[in-house]
Amino acid sequence: MKIESHLAHIGSEKEPVTGAVSFPIYQATAFRHPKLGQSTGFDYARTKSPTRTVLEEAAAQLESGDAGFACSSGMAALTTIFSLFSQGDHLIVSLDLYGGTYRLLEKIMSRYGVTASYVDTNDLDGVSELLQPNTKAVLIETPTNPLMMITDLERVSAWAKSKGLLTIVDNTLLTPFFQRPIELGADIVVHSATKYLGGHNDVLAGLIVTKGKELSEQMAFLHNSLGAVLGPQDSWLLMRGMKTLALRMERHQLNATAIANYLLEHEAIEDVYYPALPHHPGHDVQNKQSSGNTGIFSFRLKDARYVEPILRHIKLIAFAESLGGVESLMTYPAVQTHADIPLEIRQKIGLDDRLLRFSVGIEHADDLIADLEQALAEAKREIEGV
Ligand SMILES: *Cc1c(COP(=O)(O)O)cnc(C)c1O
């Protein structure tokens, strides 16, 4: 069966008593034992909870893994994953990283003696140079956000395996609909399900999918012990969102491609960073390992003075953080999502004060282009007086 059919049927055949097509919300934390030494499979909701279990099984299947774990946020999922590591361990991490992940590593994990080095993970020579005797894993975002750098997952995970390292991939931007890292050699996939999987800017959630029995057992232990699990209502909301993932991703991609091409031709724009564009350095690798493109891209203005009026004049597009929902959102990474990343790293990767990130929603592309056009025209009028 194809992924579209799996997505539409998440939970639909799982409720045997009434046959409810929408799997119910089991709002319970305790489960009766039939007798001493017996269990229904559910004992206490932190360990296992029926609505969450249906979601977790769907996540594992969609990502071609062995086990899924639903967490209270993407950061909770990353915290659970990082708890695999011990004092003295070292990680190699994508340079243009989600700001919150960088903050978790540098401000919190570092206090527990887990260190990280940052590099363009597609540069295997650069990655190899960072290898230490205590290196335990490579953490990859592809595409990165906001600069949309692409890493060849097959190549890097094969290298990691040869060195005995785990490969962890944050698949938030592409989702299993477009890219399945475990099929390319990764051991762990992580999602901020708050973004495309939920898809409606209304539920905060994270997902982990693991490959292999031992790793899955270790993760189950950490998930239960740390306790950053997803509640039944949010598990249900997430499944409800995921049922339409295929339709949404196709529209996000279509809209983003149309708008990226429009902006590329605009006189106020210096460049557009979107792997679907042929001039993007990661274009070929992206096409090789993924069946489509995300709805996120960034663009750089020629003049930083345009940023403030554009953000003030966009109407249909909201000036807001987050990404991956049905509504279009625009954000200013240098002062918002990526403010925790030190200036020298931001400068090194080109995350400067002329860069805007656009999470293209599922509105009609013509309306989004019209909104951008009027905002750019207003900005020009204010700055140049014409
Ligand atoms: C948003 C995001 C996270 C963090 O997820 P939350 O659900 O906000 O905790 C992690 N990685 C990426 C790529 C993200 O976009």
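Which polar side-chain atom lies 2.8 Å from a nitrogen atom of the ligand? In this predicted model, the atom in question belongs to D170. The residues that surround the ligand are S73, G74, M75, Y98, D170, T172, S192, T194, K195, L204 and A205. Besides the approach of D170 to a ligand nitrogen, two polar approaches involve ligand oxygen. In the case of K195, an N or O atom of the side chain is 2.7 Å from an oxygen atom of the ligand. In the case of M75, a polar atom of the backbone is 2.9 Å from a ligand oxygen. The ligand surroundings thus include a side-chain approach by K195 and a backbone approach by M75.

The domain assignment divides the protein into domain 1, spanning residues 3-242, and domain 2, spanning residues 245-384. A distance of 27 Å separates the C-alpha centres of domain 1 and domain 2. To the contact, domain 1 contributes 37 residues and domain 2 contributes 43 residues. Between domain 1 and domain 2, an area of about 3500 Å² is buried, with 62% of this area given by carbon and sulfur atoms. Of the area that domain 1 buries against domain 2, 22% is supplied by L147, F178 and Y196, a share that exceeds that of any other three residues.

Polar interactions also occur across this interface. Between domain 1 and domain 2, 18 residue pairs are in polar contact, with both residues at pLDDT 80 or more. On the side of domain 1 that touches domain 2, the elements giving two or more residues are α1 (3-8), α4 (99-108), α6 (153-162), α7 (175-178) and α9 (232-242). Helix α4 gives the most to this side, with four residues. Sorted by class, the side of domain 1 that touches domain 2 comprises 19 nonpolar, eleven polar and seven charged residues. The count of salt bridges between domain 1 and domain 2 is one. A salt bridge is formed by D152 and K288, whose closest N and O atoms are 2.7 Å apart.

For the structure, the count comes to 15 salt bridges. One salt bridge pairs E57 with K14, with 3.2 Å between the closest N and O atoms. Because E57 is located in helix α2 (residues 50-62) and K14 in the loop between α1 and α2, this pair ties together parts that are 43 residues apart in sequence.

Technical notes. Residues are numbered from 1 along each chain as its sequence is written. This is a predicted model: local features need pLDDT of at least 70, side-chain atom pairs count only at pLDDT 80 or more; totals for chains, interfaces and linings use all residues. Side-chain values use heavy atoms; hydrogens and water are left out. Domain bounds come from an automatic or database domain assignment. Contact means heavy atoms within 4.5 Å. Buried area is the accessible area (1.4 Å probe) that two parts lose on being put together, summed over both. A salt bridge is a side-chain nitrogen of Lys or Arg within 4 Å of a carboxyl oxygen of Asp or Glu. A polar contact is a pair of N or O atoms within 3.5 Å; within protein, one must be able to donate a hydrogen and the other to accept it, and residues adjacent in sequence count only if both atoms are side-chain atoms. Ala, Val, Leu, Ile, Met, Phe, Trp, Tyr, Cys and Pro count as nonpolar, Asp, Glu, Lys and Arg as charged, and the others, Gly among them, as polar. A residue is near a molecule or strand if one of its heavy atoms lies within 4 Å of it.
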